[in-house]
Every structure is written in structure tokens, then in C-alpha cells.
Amino acid sequence: MKSIPTWVLRVDGLTRRFGVGCPRCTDSVGPAHERSQCPWCATVHACTAASFTLARGEVLGIVGESGSGKSTLLQMLNLTSPADAGAIWYREPTDPAAPPIDLLRLDRYAMRQFRNDRLGIVHQRPELGLEMRFSVGGNVAEKLLLARWRNVAAIRERAASLMHQTELPVERIDDAPPTFSGGMLQRVQIARALASRPALLLLDEVTSGLDLSVQARVLDLIRRIQWEQQVTMVLVSHDLGVIKQLARRTIVMKHGHIVEAGLTDQILEDPQHPYTQLLVSSAL
Amino acid sequence: MHELHYTYGLIDEDSKREVRRALLKAVALPGHQVPFASRDLPIARGWGTGGLQITLALIAPEDVLKVIDQGDDESVNAVNLRRLIAQTTGVSLTAVTADATVIQTRHRIPEERLRADQILVLQVPMVDPLRWVEPNLERATVMHGEADYGRMWVYMYESVVRAGDLRIATQYPVIVADRYLMDTTPIPRWDVPKLHQADALFLFGAGREKRIYAVPPHTSVAPLEFEDVPFRVEYTPGQRCARCGCGDSFLTSHAVSDADGATRWVTTCSDTSFCAARQAVP
Amino acid sequence: MGYIAARGGTAAILNAEVLVEHYRSRGGTPPLTLDQIQHQLRHAVGRAMHEGALYAPHLAALAVKQAEGDSIEASFLLRAYRATLPRVMATLPAHGRLMQCARRISAAFRDIPGGQLLGPSTDYQIRLLRATLARESDDDIARIATLVEGFAATHADGGIGHFPKVVDHLRAHQMVVPVPTATDATEPFDITRQALQFPCPRSARLQALAQADTGSLLTYAYSSVRGYGDAHPTLAELRYGHLPIAVAHPVDGSAVWIGELEATECETVSKAHSVRAGDAAPRFHLGYGFTYGQGEVKAISMAILDSVLNQVRSGGLSGESGPAADEEFVLLHSDGIEASGFTAHYKLPHYVTFEADLQVLERAKRHAATNAGGRLGRALAAAFANAAADEEDGDA
């Protein structure tokens, strides 16, 4: 038996709304009311009291249709969107003795440092994650430069190695992203995200919009990296197939609320919440 | 209509006080850009109005002023600015670097090491090195606040990859006191090391961009560079000044006509006062 | 000697000043009087005032004369003069509805309370050169005066020139998105006292636009309606006339009228596209434009830009945004005095920077030779050639 894995991330009551809110909000929005926008004050409750724990090396899937709050949740985890309430407790995996910190309590400077050093993100649209004017090598190098790498030869060697790992043609290291295909750009994003050996990798609909064969290759790559490097990941997707292939545990979101959480296989085989049942049946 | 009369130092006292407050803040936060209102002056924006406002706000009747442009006291713009400052303050003027207490300059730092009792005022055209990677001020301000200089470093990396070297001739970006990224103004790289751990105070004024910043004495100023592609100043071995013969100052090229009418190119010191002093030594 | 070719020196600068005077006067014509300029070149005077941000018609005429008609140079002279003046106090908000209108039109409604007043306008003039103007005499001028006296006789009706505002009517019916407006108690942001920083309050935006270069505003506004934007303005009202100005009495705070400005005011409404979360109902977006003198093109351009930026700020812009929707871009590049000063500064010597550029160019040339055909990338790739065989990229 393995010992109980230590957690890396403990998300507690994470909440985000757009608008000022009103006393009638609570009784008007959520899955039971089939809406996340309050009809009285028009406030959108994008994410309400999300809580979950993530163990080291675990892959957590977040599934839900568009507008369910999964992207807002991911942006809060990426520290690029503020939260109105809740905490994101983080325990440094390389230093189990260190006390957990609430990432939302960091000042902006410290938050930026944390994002540079410990987080990696792969966006659905490559132009959100890559600087199109820079070379592919430069995009990967940015993470290393932020970690104070100051030797061009060493940076290029590491960038080349990351490109090799992510099955990108190394000789194209100095080419600009617009000359790469969509599937390749997703792998450039993955190479970049892995450069700083992040404690947490966030994946936002990474295979949406790709051809099926290209999708399969990107998913294989993510699975291999997870297997080889034991990277902790949060994977957002509206595609149950993607979730099934990669995520050990899954949470299902609807109208800003987590309606079901558990082992992915269990959720797929025996969905409890009516919404999950609908998702599963429509996917099959 | 009567002749118009102006106050000492042209600008009203309240405005000068505002400039001095901005200067104090700038000295307290080395390399940080401090906004100030920036008065309209009778010289055009982009022609030294930022440096001029600092000089006018600082200069006292007992000060001795030197103004240079391209290192040259006799360059047209230097002459013009000196004329304006002299007319409105009556301070003593000099071309000798060692005699000056306040030196206003564009594009050069004098060759001689400045002393603790001297202030160098630099005219600034562009203010922020981040403009090369982020032209939006609102976003660039956040980037400075978070010391988010990753993209700037990639810009340097790309320069090495594409040009084989740090492809920046002037306005070389530096990190001041291990914190803020700063534009050194269009001085050549030759002058950048003079900012590091200096004895004198360096004040930077951008009139059109409405920002003031400073490098106080004995402050670390580190050019962005790589271990294997280090920052290097301009230097061509064997090249010497055609007038004073020295090989250790920043040289610029000039066309001269020989007696027979033929044109040839020679190099001379850009710092004319330094060159004159060298020539005076037998 | 002869080493430094372009050593200016004081003599050259002073001689240049004399030459400018000479070029202005060498035609041998009688000197222009400021009265002539002020009254016969009123648009040049008005432009110098609104771009120079100083209401002083006589000084503006002087500036136009000194600048030999160059509008940016004239406004620069006024702007530099303004900077030497103490700021005594701020006036009370000037209300456009108090304007004594010489002209007042609306494109939104045919019949507006008070009616349309075409006034002095070239809008419907056939633009043919009038050769008679080349030989204009005092008699001709007297004849024009007689004609206008005739108008006044037929149209005299007591309260002439005061009209209710069209936008007030729209406001009363909750048809426009409220925008922050100054109240008597709040002093607006003053960009001459504080550096413009972003995001900026609307009063700072309006001040920056009001002193911007006419041509720049025209370009941005035109781009936003022609194809690089989502602006759909309707001119609710354009009025030109005399606007009374008051300050608060230092003791009892009551309004003391100190004079009037000749000014143009423009208000546009533009269709509201989408409603953001937290908003009540679709409404029009307002835009406001103001200039000294009769600067109609600038006032309209300013109003369009203000309305575009109001839409951006409230999240109501749904179509193509374009450069005119970027507040920083518009405000930081439209000041004619700053833009022309910096553009002209390239005339200053750049020997030092150019010498440094030359050295960098030399090194870049050497590198290009080394890296011909992407040699460096291929060399790096070769280092990984022994690792797992590079399979063909399926999706390349």
C-alpha cells in the first residue's frame, strides 16, 4: 500500500461573481434554478463556493458546458482572475515541511513570482499563451529567463530538449509561431509550461478545435509527460472523452456550482446527478 | 502690448516645487518612473523639455552650468538651451566639465568621472524600455509593479538569436538597484557603465512623456546581458581621435576636406571639452 | 580645423531668427494688423486657441501672424505662453444650454424645440472659387452688413439665440447611458497639473481631446466610422455661439459672470449594441465635443471619439474596435504640439546614436553570414539527432 498522498492544492469555497449582487441572488441562481445570472440584479455568479483537493501527481478533470464556470475557476487557479471569496491553499511539493500558504493572500508581486515559478498553463487558443512575434524558442525560453537563467547556450539547450520531449522539430527553434500548425502550437505551449518544472499544470480545453488524429497525439503526449514526470494537472474540458483518458478524478460543474465530484470511472459509469447523467448519455 | 516678463528660472515656483517633489521620490525609488505634470515650455516637446524642467527647478544662482548635446557644448541645441537658462537665471556658464555643478546633457555622459558635488541631468525621449514589448502604459505600469520583465528578457534573447549579439545600440536597458528596469536614454553603450556605482547624482527628465526618474550615487546599474553574450561597449581597437590622439573615449565620424578638395572620414572625440583638455596637455 | 561640420553656435541661431522675419516680410506688402487676422482669419485664430488651449483671440491673432499661418506653430506659441500664467481658479461648469446661439442644428430630429438655426455655415455652399473676393472693396463689405441687418429686422423675436438642448430631452426619457459629468462641487482633472495616467477620468479625456490637433481627431474619428470601428453616431445637436462663463464668488459662492467665450459644442448619440451584465436596458451612448471658436469638424470628431471611448469603458462595444477605441492610443498621439515637437526633433543631431547604430549593423551583418539558411538551428537539432528518431510530424 502506498502512503496517503500529500496534497498540493486545497481549494476552499472559491467564489467569483460579475456584478454587485443583491439579497435575492442566493435564492435565484444555481443549478436548481437553471441559471447563473440573477434575474433581479443581473449579477453573474460565475463560480460559487468551489472546493476540492488535489494530490501530488494527480490529474483532476473539470467538466461542464460553456458558461458553467470551469474557465473562471481555472483563471482563479492561474491567479489571473481575482476571487470574491475563498482560499487556494498551496503546499510546496518539494518541501513537505513548509506550511501551506493561501495564494490569494499573496501581494501582486509575490503572486507574479509564484505564477512564473510554480504554475504552467496551456490555453485553448495558442495566441493567448504565446507571443507570436517571438520565436518558438523564445517563447519557451521566457519561463527559463524568468527563473533567472542567464546563459543563452544553456537556455537553447534546455529549450531544444523541451521541444524534443514534446515532439517538436528542434531545427525550427528560431521560427515564429504563425508558421506552425495548431497541434504543434499546443505542444509549444506544453513545452513552455513545463520549462520551469511547475508544481501545477493547468490545461484549458487544449484539444478543442484540433483534428481527431492531432487531438490523439496531443493527449498521448500529455499522458506520457504525466507518467514520466508525475506533474500535477488540472484539466478543463467539455469533452468527456478527453477527461476519461487523462483524469483520475473529475468534478462536474453547472451554473457555477460543483454538482458532482469523484473518481472519473465512477462518474462515467454511475453518474449520480441528473445533469451528469445527461452529459454522460449524450456523450455515448 | 507690453514686453512679457518672466520669473527666475522661467517656470513658476509651484511648478518647480512639484518637479523637486517628483525628484525626491525618484531618488528614493531608483529607476522608478515618477509622473509629473510637465509644463509647456517655449522650446518644442522632444527637444529637451524634461531635462530643462529639472535644471530650472534645481538651479541656484551660485550654480555653474554646462549644457552639452552629443557631448558637444557648441551643438545648436546645447547653445539654444544654454541661452534660455542663462537668460532666465543669470547663472555662470562653463564648458569645462570639472567646473560645472549642474550639467544638462543629451545623448552623452561626459568622459571624466563626475564628482559627488555634481548633478547630471539627462534629456529623455522614450522613458520606458518596456515600450518595445508593451506599448500600453496601463499594462506596462503593472509589469513594472510586479517586476514582470520576462518579455523584455525574451526580447534580448531574440536579439542574440537573430543578430548574434545584443542588438541595442543606444537606450540600453538596465536594471537599477536589482529592481526596476530603466531606459538609459540614447547614450551609447560606452556611457552605460558610468551610471553604475557613480559618485554623482543622475536625474532623468522626459517632458513630453511626463516622467522623472533617477539613479542616485552608489547605486547598482546592471545592463541586461547573458553570461555567454555579455554587454559590451563600442570599441574599435586602434581607432584614435584625430585631434587629441586618445584611444579611450567615444569617437564619432566626420567628413573633412583636404587641401586638394578630396573628402575623407576621420574620427574625433564626441566629448569636446574632454578633447580640448587632452589637446592642451603637451 | 573644419572637423565638426555643423557647429551651430549662437550666431547661426540668431541669424536664423532674422531670416525668418525677413522671409515673412520680404514680399513688400503692408504689415498685417492683428485686427485683420482676428476678424478675417477667424478659423485660423479659433484653431490656434483650441489647440493652444487658451482663450485669447487677440493673442491668438498675434500667434497666427508670428507663425505665418502655420496652425501647429501658432497653437504652440499660445500653449507656451499659457504655461507662464498662474492658474487663478476654475470657473463654474459652463452650461451649453445658456449659449447665445448663432447656429444650432440637429440631425436626430427634424423638429426640435426652438427649431433649427443654420447660421453662418458653408455646409450648403457650392464650393466655387469666388473671383470677386480677390478684388473685395470697403463697399462690398458695407453691402454685406446691410444684407445682414435686413435678416435681423425680419427675424427679430426677443429671446433670440437661447435654445433647450436636444440631449436633455433624451436624458429625461432615460434614453442615454449616464456618463460621469461634473457637478458644481467637483473640480475636473487638470492634465496641465497632473500627468495623464491610465485609466483616466472622463474629465481628463475631454480636456486632452479639447486641446488635441484637429487633423488627428478627424483621422481617428473618421477611421472609427469608416471601417476600423463600431461607431454609429447621430448628431443630436451642434451649436455655435457665445457661452457665458461664471466663477464662484469667493465669499458667498454665488455665480459671478466674468465674460463669454465664442465656442462650438457638439453632442452625439450612438446606438447601444449590447447590454452588459448588471445593466438595465439598452440605451444610447453619449459623446461630447467642445472647441473654442467655430471648430465644427473637431467638435464632431471629439464627440464621436468620446462616445466610442464611453462605449469601451462601459463594455458596450461589440463590433470591430480599431485604434480609435484605444483610449491610450488616441489621447497620447493626438496632441499636435507634442507630436510635432517629437517628430521635428529628428532634425537635431544624432551623431552619437548613429555611430552606435553603425557598429551594431556591422555585427548583425557578420551574424547573418554565420547563420545563413538557418544553420544555427540545424546545428542544435543535430545534437538531438541521436535521440529517438524524429518521426514525421503527422499534423505539420
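Which residue takes a positive phi in the hairpin of β2(C) and β3(C)? In this predicted model, the residue in question is C:G253, whose phi is near 75°, and the hairpin to which C:G253 belongs has 6 residues between its strands. The two strands of the hairpin, β2(C) and strand β3 (residues 255–270) of chain C, run antiparallel and are joined by 15 bridges; within this ladder, C:R239 has C:E265 of β3(C) as its bridge partner. Strand β2 (residues 233–248) of chain C also pairs with strand β1 (residues 100–105) of chain C, again in the antiparallel sense, over 5 bridges, and here the bridge partner of C:I105 is C:L238 in β2(C).

These strands can be placed within the domain division of the chain. Chain C is divided into domain 1, covering 9–82, and domain 2, made up of 96–128 together with 161–334. The C-alpha centres of the two domains of chain C are 29 Å apart, and the contact between them takes 11 residues from domain 1 and 11 residues from domain 2. On the domain 1 side, the largest share of the surface touching domain 2 comes from helix α3 (residues 42–52) of chain C, which gives 8 residues. By class, that side of domain 1 of chain C consists of 5 nonpolar, 3 polar and 3 charged residues.

Chain A contains 10 helices and 10 strands. Its radius of gyration of 19 Å agrees with the value near 19 Å that would be expected for a compact globule of 284 residues, and the C-alpha trace of chain A spans about 60 × 45 × 45 Å along its principal axes. Buried residues account for 48% of the 284 residues of chain A. When contacts in chain A are restricted to residues at least 6 apart in sequence, 66% of them join residues at least 24 apart.

Among the strands of chain A, an open sheet of 4 strands is found in the order β2-β1-β4-β5, with antiparallel pairing. Because β2 (44–55) and β5 (101–102) of chain A each have a single partner strand, they stand at the edges of the sheet, and one side of each is left without a neighbour in the sheet. The pairing of β5(A) with strand β4 (residues 85–90) of chain A is antiparallel and rests on 2 bridges, and A:W89 has A:D102 in β5(A) as its bridge partner.

Chain B, by its own count, contains 6 helices and 12 strands. The radius of gyration of chain B is 20 Å, close to the 19 Å given by the globule rule for 282 residues, so chain B is as compact as a globular protein of that length. Taken along the principal axes, the C-alpha atoms of chain B fill a box of roughly 55 × 55 × 35 Å. Of the 282 residues of chain B, 52% count as buried, while residues 24 or more positions apart account for 64% of the contacts in chain B that have a separation of 6 or more.

The contacts between chains were then considered. Chain B places 52 residues in contact with 46 residues of chain C. The elements giving two or more residues to the chain B side of this contact are α3 (76–89), α4 (137–145), β11 (251–257) and β12 (263–269) of chain B, and the largest share, 6 residues, comes from β11(B). The composition of this side of chain B by class is 19 nonpolar, 17 polar and 16 charged residues. Towards chain A, 16 residues of chain B are in contact with 19 residues of chain A. The largest share of the chain B side of that contact, 8 residues, comes from α5(B), and this side has 8 nonpolar, 2 polar and 6 charged residues.

As to the nonpolar cores, the largest has 152 residues, of which A:V234, A:L235 and B:F202 touch the most other members. Helix α5 (residues 150–163) of chain B gives the most to this core, with 8 residues. Leaving aside neighbours within four places in sequence, A:L235 is in contact with A:V59, A:L60, A:G61, A:I62, A:L203, A:I243, A:L246 and A:A247. A second, separate core of 68 residues includes C:Y55, C:I191, C:A208 and C:L217.

Terms used
Residues are numbered from 1 along each chain as its sequence is written. Chains are lettered from A and ligands numbered from 1 in the order in which they are written. This is a predicted model: local features need pLDDT of at least 70, side-chain atom pairs count only at pLDDT 80 or more; totals for chains, interfaces and linings use all residues. Two residues are in contact if their C-beta atoms, placed from the backbone, lie within 7 Å. Ala, Val, Leu, Ile, Met, Phe, Trp, Tyr, Cys and Pro count as nonpolar, Asp, Glu, Lys and Arg as charged, and the others, Gly among them, as polar. The radius of gyration is taken over C-alpha atoms; the globule rule is 2.2 Å times the number of residues to the power 0.38. A residue is buried if 20 or more other C-beta atoms lie within 10 Å of its own, exposed if 12 or fewer, and partly exposed in between; C-beta atoms are placed from the backbone. Domain bounds come from an automatic or database domain assignment. Two strands pair if DSSP finds at least two bridges between them. A nonpolar core is a set of buried Ala, Val, Leu, Ile, Met, Phe, Trp, Tyr and Cys residues joined through C-beta atoms within 7 Å.
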